[in-house]
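Reader: I would like a close look at one part of this protein, the second largest pocket. Please walk me through its lining, then place it in the rest of the chain.

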Amino acid sequence: MRHSQLRAFHFVARTGGFSRAAKAMNLSQPAVSDQVGQLERDHDVLLFHRARRQVSLTEAGERLFALTQPYFEIEERIGEALSASRAAVAGQLRLVVDAAHHINNVLSRFRARHPRVTVSVAVGNSAFVTEELRGYRADIGVIGTPAEEADFDAIPLGSSPIIAFAARDIARSLPNPLPLAELTRQPFVSREEGSKTRQMLESELARRGLKLKPAVTAQGREAVRDIVVAGAGIGAISRAEFGADDRLQALPFADCRLEMRETLICLSRRRDVPTIRAFMAAAQG
């Protein structure tokens, strides 16, 4: 097993193709293909499914990619440590957040300071965010509660109360403010499992001896919003995420105050990656 073979495999896995890997490595495609092929032959293992111009990782490839990501990240950091200047941060930064608007101010500040960094933003619930960070598929995350896991560094972004909401014609028949127990009496449109909003509501209702039984479960807050707008039930969301929508009526809870605390997180072992370090610094002002 040679370093060049691992590097070729890593770039194909990261970029999603032999041509893109060759371009990123400044090599010819046959050279990259030969390196990966030799790695597979030397260890009698198939690392990629090859179908026409499409490639995808096999199960063995997934396991190896999980190891090469931290390996080559450390190599990059060593190179930067030996560089004469580290002042200009460049490269790519992958964000995965529970709602994009939570990072708008930080992102603007970061881009003003580091225009050479290309940023991508993906959206998912808190469970998805932590999974992506631990899998090295994202660099920075935003979740809906403080990160208590020991492997994360965390910066608080603020908090907002959780509220119910309904289509305006349905809201007219509901008490406003809304007793929390009403969620168990009305058709409730719930986020998917892994959503912190759902977990907090279920926990508080369980504390009162009640059980939340969603009429509809939807993947993501936008799907919940669309279903509620259509009149299929009521939903719940943080006040900060509710926004302005003339089709919907916000319904604060009458008898509880559940706070959604947004937190910016990164893996502690990756805190010194230049782009990650720079973004965390931008979040602190």
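**The second largest pocket**

Author: In this predicted model, the second largest pocket has a volume of about 230 Å³. Its lining includes a run near the start of the list: Gly 16, Gly 17, Phe 18, Ser 19 and Arg 20. Gln 29 also lines the pocket. The rest of the lining is Arg 50, Arg 52, Arg 53, Gln 54 and Val 55.

Two elements each supply at least two lining residues: helix α2 (18–25) and strand β2 (54–57). Helix α2 gives the most, with 3 residues. By class, the lining has 5 polar, 4 charged and 2 nonpolar residues.

Phe 18 is a good place to leave the pocket wall. This residue lines the pocket and is buried. The structure holds 5 aromatic pairs. Phe 18 and Phe 48 make an edge-to-face pair, because their ring planes meet at 65°, over the 60 degrees required, with the centres 5.8 Å apart. The pair links distant parts of the chain. Phe 18 sits in helix α2, while Phe 48 sits in strand β1 (residues 48–51), 30 residues away. Phe 48 is buried too. Phe 9 joins these two rings, and the three form one aromatic cluster.

Another aromatic pair is Tyr 71 with Phe 72. This pair is edge-to-face as well, with 4.8 Å from centre to centre and 85° between the planes. Their exposure differs in class. Tyr 71 is partly exposed, because its relative accessible area of 42% falls between the 20% and 50% limits. Phe 72 is buried, because its 3% is under the 20% limit.

One ring has a charge over it. The charged end of Arg 14 sits over the ring of Phe 11, 4.7 Å from the ring centre.

Now the enclosed spaces. A search of the whole structure finds 3 cavities of 30 Å³ or more. The largest cavity has a volume of about 80 Å³. Its lining includes Asp 98, Asn 125, Ser 126, Gly 144 and Met 260. Ser 195, Lys 196 and Thr 197 are also among the lining residues. Helix α8 (196–207) and strand β11 (259–267) each supply at least two residues there. The lining divides into 6 charged, 5 polar and 1 nonpolar.

The second largest cavity has a volume of about 50 Å³. Its lining is Arg 191, Thr 197, Arg 221, Val 224, Ala 236, Ile 237 and Glu 241. Helix α9 (221–229) and strand β9 (235–238) each supply at least two of these residues. By class, there are 3 nonpolar, 3 charged and 1 polar. Arg 191, Thr 197, Arg 221 and Glu 241 line this cavity, and they also line the largest cavity.

Last, the whole chain. There are 11 helices and 11 strands. The C-alpha atoms fill a box of roughly 70 × 45 × 35 Å, taken along the principal axes. Of the 285 residues, 46% are buried; Phe 18, Phe 48 and Phe 72 are among them. Take the contacts between residues at least 6 apart in sequence: 76% join residues at least 24 apart. The link between Phe 18 and Phe 48 spans 30 residues.

How values were computed
Residues are numbered from 1 along each chain as its sequence is written. This is a predicted model: local features need pLDDT of at least 70, side-chain atom pairs count only at pLDDT 80 or more; totals for chains, interfaces and linings use all residues. Side-chain values use heavy atoms; hydrogens and water are left out. On a 1 Å grid over the protein atoms alone, a cavity is a set of points where a 1.4 Å probe fits but cannot get out, and a pocket is an open set with protein on both sides within 12 Å along at least five of seven lines; lining residues have an atom within 4 Å of a point. Grid points are joined across faces, edges and corners, and a volume is the space filled by probe spheres set on the points. Helices (H or I, at least four residues) and strands (E, at least two) are DSSP runs, numbered from the N terminus. Ala, Val, Leu, Ile, Met, Phe, Trp, Tyr, Cys and Pro count as nonpolar, Asp, Glu, Lys and Arg as charged, and the others, Gly among them, as polar. Rings of Phe, Tyr and Trp (its six-membered ring) pair if their centres lie within 6.5 Å; planes under 30 degrees apart count as stacked, over 60 as edge-to-face and the rest as tilted. Buried means under 20% relative accessible area, exposed over 50%, partly exposed in between (1.4 Å probe, protein chains only). A charge sits over a ring if NZ of Lys or CZ of Arg is within 6 Å of the ring centre and within 35 degrees of the ring normal. Contact means heavy atoms within 4.5 Å.
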